[in-house]
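Reader: Could you walk me through a structure, feature by feature? I would like to learn how to read it.

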Amino acid sequence: MLFFSYFKELVGKEVTVELKNDLAIRGILRSVDQYLNIKLENIRVVDQDKYPHMLSVRNCFIRGSVVRYVQLPPDGVDIDILHDATRREARGP
Amino acid sequence: MLFEKVRGYFSVILTGRKGWAAMSWAGPEDIFLSTSLASYLDKKLLVLLRDGRKLLGVLRSFDQFANVVLEGACERVIVGDLYCDIPLGLYVIRGENVVLIGELVLMSLLMLI
């Protein structure tokens, strides 16, 4: 739940999602769910020439299971809040 | 820990052997937070599969596993600058094979830009 809540805070920010098939997509995070499936808007593929089929795609849904990384804007993170939330989560119910 | 009540999603959640289910209907405000594929229904989509295939088709159905039904599906084979479409008909795609589902902007719209 921690990362789900965390990503919900990032809705509206621009992120780059790198997939396990090495495709990297930059876009605005529109929504996220409990499986960490991601919806991106206004996407731009990193290395567009290698993926011509993505040219006509503006918005996309990415299955959570295929995500390798989600690259965040450095100012989009309040590390201290994340730290505290993690410690609270680790302490257990 | 933040307890998030899963409110406003039509979903069935099963846990272990207890098998409890939580169901509720989507409220208007929940549509914005949902990563549901409902907004893609009846739209022409590009589906990328784990094996590298690209399928195009109109989304007719989906579920929580991202299983997908595509009508008028075709596989787009791209080699360099050339591409061709292999017509496939009505397809059910198992969600575990789905990498990405992209909403296709109609080419006629792109010409205006």
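Author: Happily; we will go through cores, strand pairing and backbone angles in turn. Keep in mind that this is a predicted model.

Reader: Let's begin with the inside. Which residues have the most contacts inside the largest nonpolar core?

Author: To read a core, look for buried nonpolar side chains joined through atoms within 4.5 Å. Here the largest such core has 28 residues, and those with the most contacts inside it are Leu19(A), Ile25(A), Leu40(A), Met54(A), Ile62(A) and Leu100(B).

Reader: Which elements give two or more residues to this core?

Author: From chain A they are helix 1 (2-9), strand 1 (14-19), strand 2, strand 3 and strand 4 (57-62), and from chain B they are strand 1 and strand 5 (98-104). Strand 3 of chain A gives the largest share, four residues.

Reader: And what does Leu40(A) touch?

Author: Leaving out residues up to four places away in sequence, Leu40(A) touches ten you can pick out in the viewer, including Val15(A), Val17(A), Ile25(A), Leu29(A), Cys60(A) and Ile62(A). Arg58(A) and Asn59(A) are also among the residues that Leu40(A) touches. Another core, of 15 residues, lies apart from the one around Leu40(A), and Leu37(B), Tyr40(B), Val68(B) and Leu70(B) are among its residues.

Reader: Now the strands. In which sense do strand 2 and strand 3 of chain B pair?

Author: For pairing, follow the bridges from one strand to the other. Strand 2 (residues 54-62) and strand 3 (residues 68-79) of chain B are antiparallel, with six bridges. Phe62(B), for instance, stands opposite Val68(B) in strand 3 of chain B. Five residues lie between these strands in their hairpin, where Ala66(B) has a positive phi near 65°.

Reader: How many bridges join strand 3 and strand 4 of chain B?

Author: Strand 3 and strand 4 (residues 82-93) of chain B pair over 10 bridges, again in the antiparallel sense. The partner of Ile78(B) in strand 4 of chain B is Tyr83(B). Two residues lie between the strands of this hairpin, and Gly80(B) in its turn takes a positive phi of about 60°.

Reader: Where is Leu36(A), the residue other than glycine with a positive phi?

Author: For such a residue, check the angle, then the place, then the exposure. Leu36(A) has a phi near 60° and sits in the loop between strand 2 (24-32) and strand 3 (38-45) of chain A. Its relative accessible area is 28%, so Leu36(A) counts as partly exposed.

Reader: Is Asp42(B) buried or exposed?

Author: Asp42(B) is exposed, because its relative accessible area is 52% and the cut-off is over 50%. Asp42(B) is also not a glycine, yet has a positive phi of about 65°, and its place is in the segment before strand 1 (44-49) of chain B.

Notes. Residues are numbered from 1 along each chain as its sequence is written. Chains are lettered from A and ligands numbered from 1 in the order in which they are written. This is a predicted model: local features need pLDDT of at least 70, side-chain atom pairs count only at pLDDT 80 or more; totals for chains, interfaces and linings use all residues. Side-chain values use heavy atoms; hydrogens and water are left out. Buried means under 20% relative accessible area, exposed over 50%, partly exposed in between (1.4 Å probe, protein chains only). Contact means heavy atoms within 4.5 Å. Two strands pair if DSSP finds at least two bridges between them.
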